[in-house]
Amino acid sequence: VPSQHTSQVVSSSKIPISCIASATTTVAPAATTTQTVAAAATTTQIVATTTNAPVTTVSSLSGSVTYRQLPAGCTGSGCRYKLVGTVNPVKKVVEFEWTTDLGTNKWLALGVSNDQLMPNTDVIMGYWDGSKVVMSDRYAVQNSLPGLDRDQSQTTNISGSQTGGVTTIRFSRDCTSSDADDISLEGSHYLLFAYGPVVASTPSQHNFRVASLNKISISCGTSSTTTQSTGATTLPPVTTATSTSTTTSSQSAPFTYHSNPAGCTGSSCIYKLVGTVNYARQVVEFEWTTRMGADNWLALGVSNDMFMANTDVIMGYWDGTQVVMSDRFAIAYSLPPVDSDQSQTTDVSGSVSGGVTTIKFSRACTSSDPQDISLEGSHYLIFAYGVVLASVPSQHTSQVVSSSKIPISCIASATTTVAPAA
């Protein structure tokens with residue numbers, strides 16, 4: 001019996017996939033690097049971060065699109081998790097291929113969801129057991145191991161291999177599913193990407209989980225020109241079209257690093273984090289807003305990789321009368337212990353008005369605490385929230401990790417570049 005996932009990732013927007021062949025198919029990929037991939041005899045796909053690259057397609061297949069890769073730009077044995085999809089408009093399916101260097105008895109999962117949370121998510125899970133692929137179609141009703149669908153017929157063409165330390169798993173999924181337990185790929189959905197270990201033929205809790213920050217649109221309808229936008233491996237700014245802001249001599253313009261839902265304001269925000277660099281004070285001034293109310297914690301993680309372990313964590317919540325703030329460092333997949341030095345997080349204040357909780361704080365650009373990771377430089381950012389029970393933060397309800405490192409510069413200049421995460 002597969003146990004709870006070790007990792008889960010949701011795409012930040014719904015991903016469009018078109019199963020209708022046309023003379024030209026436009027694909028707006030979300031890869032963090034630029035690369036050219038030969039998809040077929042006359043098919044070329046340009047993967048880029050800032051433009052919608054036209055793709056010439058053959059009559060039977062679309063170009064291959066990388067929906068998620070860890071680390072970004074990885075190939076072969078350098079990939080911890082990579083998912084590539086190709087639309088077959090004749091069969092009306094999306095042909096997927098996972099590659100991983102995790103080895104035997106390590107499960108991979110793709111989730112399709114109408115929000116960024118695990119409950120009510122359609123899950124496709126597979127792993128190599130040493131001799132064959134073990135594949136399952138599941139549906140998550142809560143934050144635990146998703147139950148098996150009664151209908152397993154929507155996931156087809158299953159095959160796999162293991163060679164040179166690389167496990168490859170291939171499968172196809174109908175664009176529009178007839179299973180009531182499935183969420184059809186057609187339309188716009190969040191995508192979740194996760195992996196974890198299998199113990200005694202039972203998948204255990206995920207080691208890694210990422211959710212897309214926006215919905216990914218997939219179109220399987222008829223049109224002369226169809227659009228596919230992956231959005232799975234980049235973190236675009238929410239409030240700006242580019243990542244360059246004009247600064248004054250004292251501070252940068254504010255940037256939204258993450259908002260859930262994307263583009264939310266006021267009481268529509270479950271989680272929103274905005275930051276402003278104060279060059280004179282050498283701090284980043286942050287502001288959280290949330291509609292979740294008292295005793296719901298918010299956290300910002302700063303990490304040199306995409307994992308919870310060895311992550312600097314800033315956590316805060318409104319207890320009904322005041323802000324409770326703490327600087328922590330995660331050493332494992334459990335509640336991070338409080339740092340001995342709490343002086344690096346300053347200017348703490350908060351309020352509740354009109355159902356919106358606001359928490360403000362500042363963090364030194366360069367920390368003198370050995371348990372902190374300085375904001376200056378490029379790091380992965382982790383955004384999470386959960387509930388507080390008896391004054392103790394419980395396990396997160398949601399966690400999103402940036403798919404690339406986010407640069408933050410605390411040096412004033414005529415133009416200072418800050419790349420927001422969502």
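Which hand does the disulfide of cysteine 264 and cysteine 269 have, left or right? Its torsion about the S-S bond is about 110°, so this disulfide is right-handed. Keep in mind that you're looking at a predicted model. We'll come back to that link, but let's get our bearings.

The chain has 31 strands and zero helices. It runs to 422 residues, and 54% of them are buried. Contacts reach a long way along the sequence, too: of those in the chain with a separation of 6 or more, 61% are between residues 24 or more positions apart. On the outside, the chain exposes about 16200 Å², with carbon and sulfur atoms supplying 53% of that area.

A good place to start is the open sheet made by five strands in the order S6-S7-S8-S14-S13, where the pairing is antiparallel. Its edges are strand S6 (65–70) and strand S13 (155–163); each has a single partner strand, so one side of each is left without a neighbour in the sheet. Go from one strand to the next and the twist averages 10°. At the S13 end, seven bridges hold S13 against strand S14 (residues 166–174), again in the antiparallel sense. If you want a landmark there, find threonine 163, whose bridge partner in S14 is valine 166.

Now for the nonpolar interior. The largest nonpolar core has 36 residues, and Tyr67, Tyr81, Leu83, Phe96, Trp98, Leu110 and Leu191 are the ones that touch the most other members. Strand S17 (residues 206–218) gives the largest share of this core, four residues. Another core, of 29 residues, lies apart from it, and its members include Phe255, Val277, Trp288 and Leu375.

Moving along the chain, have a look at strand S22 (residues 283–290), which runs antiparallel to S27 and is joined to it by eight bridges. Across that pairing, valine 284 stands opposite arginine 363 in S27. S27 also pairs with strand S26 (residues 345–353), antiparallel as well, over seven bridges. There you'll find glycine 350 opposite isoleucine 359 in S27. S26 and S27 make a hairpin with two residues between them, and glycine 354 in the turn has a positive phi of about 60°. How much of S27 is covered? Eight of its nine residues are buried, so S27 is mostly covered.

There's another hairpin to compare by eye, made by S24 and S25 with four residues between them. In its turn sits glycine 320, with a positive phi of about 115°. Eight bridges tie strand S24 (residues 311–318) to S25, and the two run antiparallel. Glycine 316 faces methionine 325 in S25 across this pairing. As for S25 itself (residues 323–330), seven of the eight residues are buried, so the strand is largely enclosed by the rest of the structure.

That brings us back to the disulfides, of which the structure holds three. A disulfide is a covalent bond between the sulfur atoms of two cysteines. Cysteine 74 and cysteine 79 form one of them, with their sulfur atoms 2.0 Å apart. Their link is right-handed, with 110° about the S-S bond. Buried here means under 20% relative accessible area, and cysteine 74 is buried at 7%, while cysteine 79 is buried at 0%.

The disulfide from the opening question joins cysteine 264 to cysteine 269, S to S 2.1 Å. Cysteine 264 has a relative accessible area of 5% and is therefore buried; cysteine 269, at 0%, counts as buried as well.

What about the link between cysteine 365 and cysteine 410? Here the S to S distance is 2.2 Å, and the torsion about the S-S bond is about -90°, so this disulfide is left-handed. The pair links distant parts of the chain, 45 residues apart. Cysteine 365 sits in the loop between strand S27 (356–364) and strand S28 (377–389), whereas cysteine 410 is in the loop between strand S30 (406–408) and strand S31 (415–417). Cysteine 365 is buried, with a relative accessible area of 0%, and cysteine 410 is buried at 1%.

Definitions and conventions. Residues are numbered from 1 along each chain as its sequence is written. This is a predicted model: local features need pLDDT of at least 70, side-chain atom pairs count only at pLDDT 80 or more; totals for chains, interfaces and linings use all residues. Side-chain values use heavy atoms; hydrogens and water are left out. Buried means under 20% relative accessible area, exposed over 50%, partly exposed in between (1.4 Å probe, protein chains only). Two strands pair if DSSP finds at least two bridges between them. A disulfide is a pair of cysteine sulfur atoms within 2.5 Å. A nonpolar core is a set of buried Ala, Val, Leu, Ile, Met, Phe, Trp, Tyr and Cys residues joined through side-chain atoms within 4.5 Å. Axes are lines fitted to C-alpha atoms, for helices over the stretch in contact, and angles run from 0 to 180 degrees between N-to-C directions. Contact means heavy atoms within 4.5 Å. Accessible areas come from the Shrake-Rupley method with a 1.4 Å probe; for residues, only the protein chains shown count as cover.
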